[in-house]
Amino acid sequence: MRKSIAIVTGASSGLGKEFVKELSRQKQVDEIWVLARRKENLETLAGEVSVGIRILSGDLLEDSTFQRLDDWLRKERPVVSFLVNNAGRGNHIPFEKEPEGDMVSMMKLDMEVPVKMVKHCLLFMDGASHILNVASAAAFVPLPELSIYSASKSFLLSFSRSLGKELAPKHITVTALCPYWIGDTEFMEKAGVRDYPAGTLTVARVAKAGIRDCMRGKVLSIPGTMGKLTFLGSRFLPLPFLLFMKKIFHA
């Protein structure tokens, strides 16, 4: 029988690390392939889970990382039962102050990399495979000072929905995970967010909800009350009013 694997990007810390732990607890795969730049963190993670870990350390913005992934896939020909596109970043900064290089690399990491990961892994998926794209509640609302990030996540949400329709006849599910702010990660600090908004989530809660909804084949996974309110608000409230309410309630 072909080996069943999960592939998780951005697995060296935060939510990506928790996805690996949650997949290990679920015991749905024989091995988890982890992709991130910080090899030492991945090696530490390998000692914290019960499932075998395969480490691919490298920068997902470099073609060489995808070439190494392709080499592994072609050599071992596993079944990619789970693909978790978690790698991404954002900057909380006015657009005019954001360096062009940072914007371009962010767009590549948040949009181009997940698309390429799906393209490279799809040939190795079967009728029980799942794709989990980590978007954000920011995908529902265009956010000032997070303009590139929210636009990128909106792209990923749209891509997930359309791809899910395309792959439905093959029984491959695609889920867009759209969490609200997550407090216990490096993301908020790196993004320049100083104060934690009300309703901030934890990586454990988000990872558990994401894997659960992914296995159920849900199109959207929105953990937490604030994420659900943001989604509903984007559907039924005028954008200026919604942004005003978010500012008033520090959300």
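Helices here are DSSP runs of H or I with at least four residues, numbered from the N terminus. With that in hand, a good place to start in this predicted model is a greasy spot on the outside. Leu229, Leu232, Phe236, Leu237, Phe241 and Phe244 together make a nonpolar surface patch of about 610 Å². Two elements give two or more residues each to the patch, namely helix 8 (225-236) and helix 9 (239-248). Helix 8 supplies the largest share, with three residues. Leu237, another member of the patch, sits in the loop between helix 8 and helix 9. At a relative accessible area of 36%, Leu237 is partly exposed, because this value falls between the 20% and 50% cut-offs.

Next come the charged pairs. The count of salt bridges comes to 13. One of them brings together the side chains of Lys3 and Glu31, at 3.1 Å from N to O. This pair ties distant parts of the chain to each other: Lys3 is in the segment before strand 1, Glu31 is in strand 2 (residues 31-36), and their positions lie 28 residues apart in the numbering. Strand 1 itself covers 4-9. The two partners differ in how much of them is covered: Lys3 is partly exposed at 25% relative accessibility, while Glu31 counts as buried at 14%.

Glu31 has a further partner, since its side chain also meets that of Arg54 in a salt bridge of 3.7 Å, N to O. Here too the link runs between distant parts of the chain, from Glu31 in strand 2 to Arg54 in strand 3 (residues 52-57), 23 residues apart. Salt bridges with shared partners then join Lys3, Glu31, Arg54 and Glu76 into one network.

What else does Lys3 touch, once residues up to four places away in sequence are set aside? The contacts of Lys3 are Asp30, Glu31, Arg54, Glu76, Pro78 and Val79. So the list takes in the other three members of the salt-bridge network, Glu31, Arg54 and Glu76. Asp30 is 27 residues away from Lys3 along the chain, yet the C-alpha atoms of the two are separated by 6.3 Å. The side chains of Lys3 and Glu31 also make a polar contact, again at 3.1 Å.

Charged residues turn up in helix 1 (residues 14-26) as well, and Glu22 is one of the residues found there. Is Glu22 buried or exposed? Glu22 is buried, because its relative accessible area of 6% is under the 20% cut-off. Its side chain is joined to that of Arg25 by a polar contact of 2.9 Å. Arg25 also takes part in a salt bridge with Glu18, where the side chains meet at 3.1 Å, N to O. Glu18 is likewise buried, at 13% relative accessibility. Beyond its neighbours within four places in sequence, Glu22 is in contact with Ala207, Lys208 and Ile211.

Helix 5 (residues 147-167) offers a simple check on geometry. Its 21 residues, at 1.5 Å a residue, should span 30 Å, and the end C-alpha atoms are indeed 30 Å apart, so expectation and model agree. Many positions along this helix are covered. The buried residues are Ile148, Tyr149, Ser150, Ser152, Lys153, Leu156, Leu157, Phe159, Ser160, Leu163, Gly164 and Leu167. An α-helix has 3.6 residues a turn, so residues three or four places apart point the same way. Steps of that kind can be picked out in the list of buried residues, including Ser152 to Leu156 and Leu156 to Phe159.

Finally, two loop residues stand out for their backbone angles. Arg77, in the loop between helix 3 (63-76) and strand 4 (79-85), has a phi near 45°, a positive value in a residue other than glycine. Arg77 is partly exposed, with 47% relative accessibility. Glu145 gives a second case, with phi near 70°, also positive in a residue that is not glycine. Glu145 lies in the loop between strand 5 (130-134) and helix 5, and at 37% relative accessibility it too counts as partly exposed.

Methods:
Residues are numbered from 1 along each chain as its sequence is written. This is a predicted model: local features need pLDDT of at least 70, side-chain atom pairs count only at pLDDT 80 or more; totals for chains, interfaces and linings use all residues. Side-chain values use heavy atoms; hydrogens and water are left out. Buried means under 20% relative accessible area, exposed over 50%, partly exposed in between (1.4 Å probe, protein chains only). A polar contact is a pair of N or O atoms within 3.5 Å; within protein, one must be able to donate a hydrogen and the other to accept it, and residues adjacent in sequence count only if both atoms are side-chain atoms. Contact means heavy atoms within 4.5 Å. Patches are made of residues with over 30% relative accessible area and no salt bridge: like charges are joined within 9 Å, nonpolar side chains (Val, Leu, Ile, Met, Phe, Trp, Tyr) within 5 Å. Accessible areas come from the Shrake-Rupley method with a 1.4 Å probe; for residues, only the protein chains shown count as cover. A salt bridge is a side-chain nitrogen of Lys or Arg within 4 Å of a carboxyl oxygen of Asp or Glu. The expected span of a helix is 1.5 Å times one less than its number of residues.
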